[in-house]
Amino acid sequence: MTADRLQTYGPTAALLALAAVFAVLSPQFRTLGNLQNLLDAGAVLAVVTIGATYVLLLGCIDLSAAGVMGACALAVSLLVANSRTALDLGPLGVLLVVALGAAFGCLSGALSVGLKVPSFMTTLGVSAIGLGVATVLFAGVQPAVSDPWLLQWASGRWLGFTRVTYLAAAVVVLAWLVQRHTRLGRYATAIGGGEDILRLSGIQVGRYKVGAFTVAGACYGLAAAMVTAQLGSGIVQAGAGLSFAAITAAVVGGTQLAGGRGGIAHSMVGVLILTVLANGLVLIGVSPYVQRAVQGVIVVVAVGATLWPLRHRLEVVK
Amino acid sequence: MTTFRATLALLTTGTLLLTACGGTGSGSGATTAAQAPGGACKPEEVKLIGQVRNQTNPYEAAWLQGGDEFAKKVSLTQQRLTYDGESAKQQEQIRQVLATGNVRCSVLNVLPNGDSDTTPIVKQAQAAGAYVVTQWNKPADLKPADYDKWIAHITYDGKESGKQIAHALITAIGGNGGIVALQGILDTAAAKDRFAGLQAALAEHPEVTLLDQQTADFDRAKALTLTKTLLTKHGDAIKGIWAANDDMALGALQALEAAGKSGKVAVVGIDAVPDAIKAVSGGTMTATVSSDGPWQGGIGLAMGYCAATGQLDVSTIPTRAFFAKQFLITKDNAAQFATPKVDPAEFECANLFKRATGPIS
């Protein structure tokens with residue numbers, strides 16, 4: 001097996017192995033109900049990870065999910081029917097919030113491209129701005145969502161799967177198509193592979209970079225609407241910890257931090273690995289006191305094993 | 001290499017400075033007390049400062065609201081400080097307020113970020129001569145009695161509240177059956193004490209079994225996912241869910257609703273956040289416990305105000321590190337907690353310690 005193939009199929013093999021072990025150890029794990037639960041639990045992380053992946057492909061890091069999602073969660077809960085404002089925009093509210101997320105993403109991208117500031121700094125800054133906006137919108141009173149359409153995202157089911165699951169699946173397919181068949185997607189990978197070469201070929205690299213950050217922001221906006229539907233209220237901490245979870249998922253799945261390698265499909269395998277791990281460890285009854293450590297060990301082993309044959313080729317590790 | 005050396009040098013200097021500050025801290029504190037016994041301030045000279053982590057959760061927002069109401073009662077305003085859960089930022093803010101204005105008439109009502117953050121806060125306040133009241137977190141061996149400016153430390157008996165809601169839960173499920181527990185961040189005192197309370201209650205009721213206990217880190221979204229997994233694992237065997245705070249209880253409620261089990265499984269939490277009180281009065285949640293945030297926000301300022309204006313002699317207070325009364329909220333009394341409000345009479349200088357239920361052991 002060549003190294004390239006291993007990088008592509010290694011994480012998938014790890015996912016299957018994990019699922020097989022859990023299925024043997026826990027009868028509940030192999031039920032249809034748990035599959036529905038798993039995909040529902042992974043839906044938000046999947047959408048956030050798609051956003052993070054576009055940025056990772058460029059070789060940049062996006063840490064803005066926590067703030068952008070906080071602002072968007074508050075915004076969406078105030079725009080649809082809720083306990084605090086008289087607004088009832090329904091689907092338009094969600095669209096506006098996706099646009100708000102995109103605007104935050106565009107800001108991150110423009111700042112890092114325009115000012116040539118490392119992306120993790122600008123995105124951390126934008127995250128802080130987002131949390132500030134969220135705090136102002138929060139104003140001491142948690143808005144509770146009463147819009148049945150939005151709440152149905154989490155509670156309504158088609159064929160046993162929640163609507164949030166279908167939504168995430170649709171975003172995954174769309175993102176994969178964009179990555180494979182549009183200039184934005186192809187250039188993102190190419191920029192991560194060798195930005196200087198693309199620049200010399202006369203391609204306006206900056207524009208595509210800002211585009212990728214904007215797509216990421218839009219993903220965070222949608223993810224915020226999904227969390228808000230699940231939790232039933234607008235919460236400032238809606239995206240807490242999700243930036244790192246998304247980057248972990250992407251890297252575990254085979255998308256590289258250095259950029260240029262991996263993609264949506266890889267990252268989604270990573271999301272499934274993390275989700276299956278969290279679910280399976282509870283189902284087989286691992287004590288909560290050691291669960292996090294066990295999770296960490298398995299992730300490190302999985303990534304290590306996947307990258308082992310590649311270690312000579314990847315001379316630079318940042 | 002040069003940068004490394006410079007960093008090292010800076011670090012060393014910093015440590016030395018810190019040690020020096022600590023040393024002078026306790027020394028000058030003693031002289032302050034000798035020069036100016038309490039009561040040197042005119043009421044209008046008093047500066048009221050309330051410091052909490054952030055204003056993005058209803059509990060801390062209500063805390064600051066309570067501080068504002070006390071300030072209004074004495075015709076002053078409260079300076080609101082929030083430090084976003086960052087210890088370094090909290091210390092910096094404390095340094096700032098202690099470096100400006102008439103420090104001896106300053107009153108700080110502080111929610112320290114963690115146990116270890118309390119030590120530098122009270123030492124600095126003591127050294128500067130400002131009155132300080134801390135709440136929730138302090139190291140066990142640090143005692144207000146050893147300081148004359150640290151008026152009091154107020155906290156709540158987590159074991160008691162964990163037990164109270166456990167009893168409410170056990171009653172709600174009819175005294176037998178299976179329950180699951182959602183723990184908080186495992187290495188915090190709050191999570192440990194509350195869970196110990198649950199275990200104490202379970203020991204009295206052997207017919208109730210704890211099917212599972214997992215942590216959701218006090219987080220609503222994590223509790224949602226975790227509860228769904230636990231429902232898959234144990235199914236209808238789960239009659240009740242014990243959560244170490246209301247955020248997790250509300251996450252569990254959403255999971256039950258998504259599973260079509262809303263109202264069929266009893267849920268309890270702690271903190272009395274507005275959404276939880278609403279759920280309790282609506283019947284989807286069984287009980288929660290209130291520490292009364294607005295009272296916490298007002299009482300620390302009231303203690304400091306009374307001490308600074310000479311109406312309270314700090315040395316005569318019998319217990320200065322105490323548990324305060326907490327309230328079990330069930331459907332019967334949920335209405336009266338629905339809108340958090342303060343009773344100004346509780347902030348009178350004679351009534352400041354009425355809610356103490358006992359010294360911190």
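A residue counts as buried if 20 or more other C-beta atoms lie within 10 Å of its own. That cut-off applies in the views below, all drawn from a predicted model.

**View 1. Strand S4 of chain B is a buried strand with residues pointing two ways.** In a regular strand the side chains alternate between the two faces of the sheet. In S4(B), B:Tyr131, B:Val133 and B:Gln135 point one way. B:Val132 and B:Thr134 point the other way. Both sets are buried. Five of the five residues of S4 (residues 131–135) meet the cut-off, so the strand is largely enclosed by the rest of the structure.

**View 2. S4 of chain B pairs with S3 and with S5.** S3(B) and S4(B) run parallel and share four bridges. Here B:Asn109 stands opposite B:Val133. The chain gets from S3(B) to S4(B) by way of helix H4 (residues 115–128), and this β-α-β crossover is right-handed. S4(B) also pairs with strand S5 (residues 150–155) in the parallel sense, over four bridges. In S5(B), the bridge partner of B:Val133 is B:Ala152.

**View 3. An open sheet of seven strands in chain B.** The strand order is S2-S1-S3-S4-S5-S11-S13. The pairing is mixed. Strand S2 (78–82) and strand S13 (356–359) stand at the edges, each with a single partner strand, so one side of each is left without a neighbour in the sheet. Ignoring direction, neighbouring strands are turned by 25° against each other on average. Strands of a sheet pair through backbone hydrogen bonds, either parallel or antiparallel.

**View 4. Strand S1 of chain B, its two partners and helix H2.** S1 (residues 47–52) pairs with S3 (residues 106–110) in the parallel sense over five bridges. B:Gly50 stands opposite B:Asn109 of S3(B). S1(B) and S2(B) are likewise parallel, with five bridges. On that side, B:Val52 has B:Thr82 of S2(B) as its bridge partner. From S1(B) the chain passes through H2(B) to S2(B), a right-handed β-α-β crossover. Helix H2 (residues 58–73) lies across S1, S2 and S3 of chain B. H2(B) runs at about 175° to S1(B).

**View 5. B:Met303, a buried residue of helix H10.** H10(B) spans residues 293–308. B:Met303 has 26 C-beta neighbours inside 10 Å, so it counts as buried. Leaving aside neighbours within four places in sequence, B:Met303 is in contact with B:Val133, B:Ile151, B:Ala152, B:Leu312 and B:Leu352. B:Val133 and B:Ala152 are also bridge partners between S4(B) and S5(B). B:Leu198 is 105 residues from B:Met303 in sequence, and their C-alpha atoms lie 33 Å apart.

**View 6. Two loop residues of chain B with positive phi.** Most residues other than glycine have a negative phi. B:Asp217 has phi near 55°. B:Asp217 sits in the loop between S7 and H7. With 22 C-beta neighbours inside 10 Å, B:Asp217 counts as buried. B:Ala272 has phi near 60°. Its loop joins strand S9 (266–268) and H9. B:Ala272 has 26 C-beta neighbours inside 10 Å and counts as buried.

**View 7. The side of chain B that touches chain A.** The contact takes 25 residues from chain B and 27 residues from chain A. Elements of chain B that give two or more residues are H2, strand S7 (208–215), helix H7 (220–234), helix H8 (246–258) and helix H9 (274–282). H7(B) gives the most, with 10 residues.

**View 8. The annotated span of chain B.** An unreviewed UniProt entry carries the annotation "domain: Periplasmic binding protein" for residues 54–311. The end C-alpha atoms of this span lie 31 Å apart. The span is 49% helix and 19% strand.

**View 9. Chain A, with 12 helices and two strands.** From the N terminus on, the elements run α-α-α-α-α-α-β-β-α-α-α-α-α-α. The radius of gyration is 20 Å, close to the 20 Å that the globule rule gives for 318 residues, so chain A is as compact as a globular protein of that length. Along the principal axes, the C-alpha atoms fill a box of roughly 60 × 55 × 35 Å. Of the 318 residues, 55% count as buried. Among contacts in chain A between residues at least 6 apart in sequence, 78% join residues at least 24 apart.

How values were computed. Residues are numbered from 1 along each chain as its sequence is written. Chains are lettered from A and ligands numbered from 1 in the order in which they are written. This is a predicted model: local features need pLDDT of at least 70, side-chain atom pairs count only at pLDDT 80 or more; totals for chains, interfaces and linings use all residues. Two strands pair if DSSP finds at least two bridges between them. Axes are lines fitted to C-alpha atoms, for helices over the stretch in contact, and angles run from 0 to 180 degrees between N-to-C directions. Two residues are in contact if their C-beta atoms, placed from the backbone, lie within 7 Å. UniProt positions are given in the numbering used here, feature names are shortened, and annotations may be inferred rather than shown by experiment. A crossover is right-handed if, with the strands pointing away from the viewer, the path from the first strand over the helix to the second runs clockwise. The radius of gyration is taken over C-alpha atoms; the globule rule is 2.2 Å times the number of residues to the power 0.38. A residue is buried if 20 or more other C-beta atoms lie within 10 Å of its own, exposed if 12 or fewer, and partly exposed in between; C-beta atoms are placed from the backbone.
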